[in-house]
Amino acid sequence: MNTQFKHNFGAGPCILPGLVLDRAAEAVKCWDEAGLSILEISHRSAPFENVVKQTESLVRELLNVPENYSVLFLQGGASMQFCMVPMNFLQGSNKAAVYIDAGYFGQKAIKEAGLFGNVNVLASSKERGYSDIPGGYVIPEDAAYFHCTSNNTIEGTEMFSFPNTNVPVVCDMSSDIFSREIDISKFDLIYAGAQKNTGPAGMTLVIAKNEFIDSVKHPVPSMLDYRVYRDNGSMYNTPPVFAIYTAMLNLQWLRDKGGLKVIEMENKAKAQLLYEEIDRNPLFYGSAAMQDRSLMNVTFRMYDKAQEAEFIAYAEKNGMVGIRGYRTVGGFRASLYNALPYESVKVLVACMKAYAEKHHANVEPAY
Ligand SMILES: *Cc1c(COP(=O)(O)O)cnc(C)c1O
């Protein structure tokens, strides 16, 4: 039995449900479907082909993916998509790709795209320390595609609306896919490294409109060609067998819970509980602009930065891991992915309260 030893607020690879870990562990020893370890089976065997089929249909069911989209399982992480997208859709075109610069990962995507053609940054919140989602831009009608990041994992901001445009929309949804309902038909290509909400590290999920990936006219190396993955059922080469299997278990868990409607409500309740304490507690403040606060990655700081290390140690002593902010940002980041129980957020909030009392801070807000 898997026992939850710690409250895991880690940003990724992230917490998975105990039930999923139990079943994955059993399958490593012996997977009933094949009488072998899941680590030993042939990816061309019928039971594994069935896993791929089931995983795809869970993705389609949960996200309500339209018929004319392909669901693909790749490797290389979301980071490989930073170059694979422009290699397919920008290279060889005389158009420019347009990007939103709203954080660390978006910035990396922009840098890679620049290797393949013209890139215009339509809007940036860099000057504001990426504390918000920049707005007020117009997408030029002749852009090759528009690229955005739905949830900025490091900075703790999230997009709650997406542009209506005739230009193809590409979105990095690594850290909030499967956390809320989303209208897939607004996007032409979505990608997500699995280790934030989908499963373990090693698999990258791509959901792409067929018309979009069929629009590529120049030669692309097979392993970087979306059509090759589609036309070979994501099995052009050996896929990440264990990562796909565990993702399937995780998506089954999500479906059995009631799907995205239910998880979205739970995720909102968890985030609300924590943001309320951040706003109430006189020692802490939120890092992200109020209207763009992420439901997945809650970033916050202490007014007295000198106390931050002490609070992290205090939280760790109380069974919490993973609340240290990203190395270049500092402060705190509590990731509230799907599998994190409401109970864990209650423990963190209690810890913040107790710490403030210990330091004789006013219990009522100071303002
Ligand atoms: C984690 C993350 C990435 C990088 O993912 P890898 O799978 O490690 O390449 C990219 N974008 C976002 C939004 C992320 O959260």
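Which helices each supply at least two residues of the lining of the second largest pocket? In this predicted model, these are helix 1 (18-29), helix 2 (46-63) and helix 7 (241-257). Among the contributing elements, helix 2 gives the most, with four residues. The second largest pocket has a volume of about 240 Å³. Its lining comprises 14 residues, and those closest to the centre are Arg 23, Trp 31, Asp 32, Glu 33 and Tyr 245. By class, this lining divides into seven nonpolar, three polar and four charged residues.

The largest pocket has a volume of about 400 Å³. A total of 24 residues line this pocket, and Phe 89, Ala 144, Pro 168, Phe 212 and Ser 215 lie nearest its centre. Helix 3 and helix 5 (210-213) each supply at least two residues of this lining. Nine of the lining residues are nonpolar, nine are polar and six are charged.

The surroundings of the ligand were examined next. The ligand has 13 residues around it, of which Ser 79, Thr 153, Asp 172, Gln 195 and Lys 196 come nearest. Helix 3, which spans residues 77-89, gives the most to this shell, with four residues. Helix 3 is also named among the elements that supply at least two residues of the lining of the largest pocket. In composition, the shell around the ligand holds three nonpolar, eight polar and two charged residues.

Individual contacts of the ligand involve both backbone and side-chain atoms of the protein. At Ala 78, a backbone N or O atom lies 3.1 Å from an oxygen atom of the ligand. At Ser 79, a polar side-chain atom is placed 2.6 Å from a ligand oxygen atom. The side chain of Gln 195 likewise has an N or O atom that is 2.9 Å from an oxygen atom of the ligand. Taken alone, the ligand exposes 390 Å², and the protein buries 86% of that area. Ser 79 and Gln 195, whose side chains provide two of these contacts, are both listed among the residues that come nearest to the ligand.

In summary, the model presents a ligand surrounded by 13 residues, with helix 3 as the leading contributor to the shell. The two pockets described have volumes of about 400 Å³ for the largest and about 240 Å³ for the second largest.

Definitions and conventions
Residues numbered from 1 in each chain as written. Predicted model: local features only at pLDDT ≥ 70, side-chain atom pairs only at ≥ 80, totals over all residues. Heavy atoms only, no water. Near = heavy atom within 4 Å. Polar contact = N/O pair within 3.5 Å; in protein donor to acceptor, adjacent residues only side chain to side chain. Areas by Shrake-Rupley, 256 points an atom, 1.4 Å probe, with all protein chains shown as cover. Nonpolar A, V, L, I, M, F, W, Y, C, P; charged D, E, K, R; others polar. 1 Å grid on protein atoms, 1.4 Å probe; cavity = no way out; pocket = protein on both sides within 12 Å on 5 of 7 lines; lining within 4 Å. Points joined across faces, edges and corners; volume = space filled by probe spheres on them.
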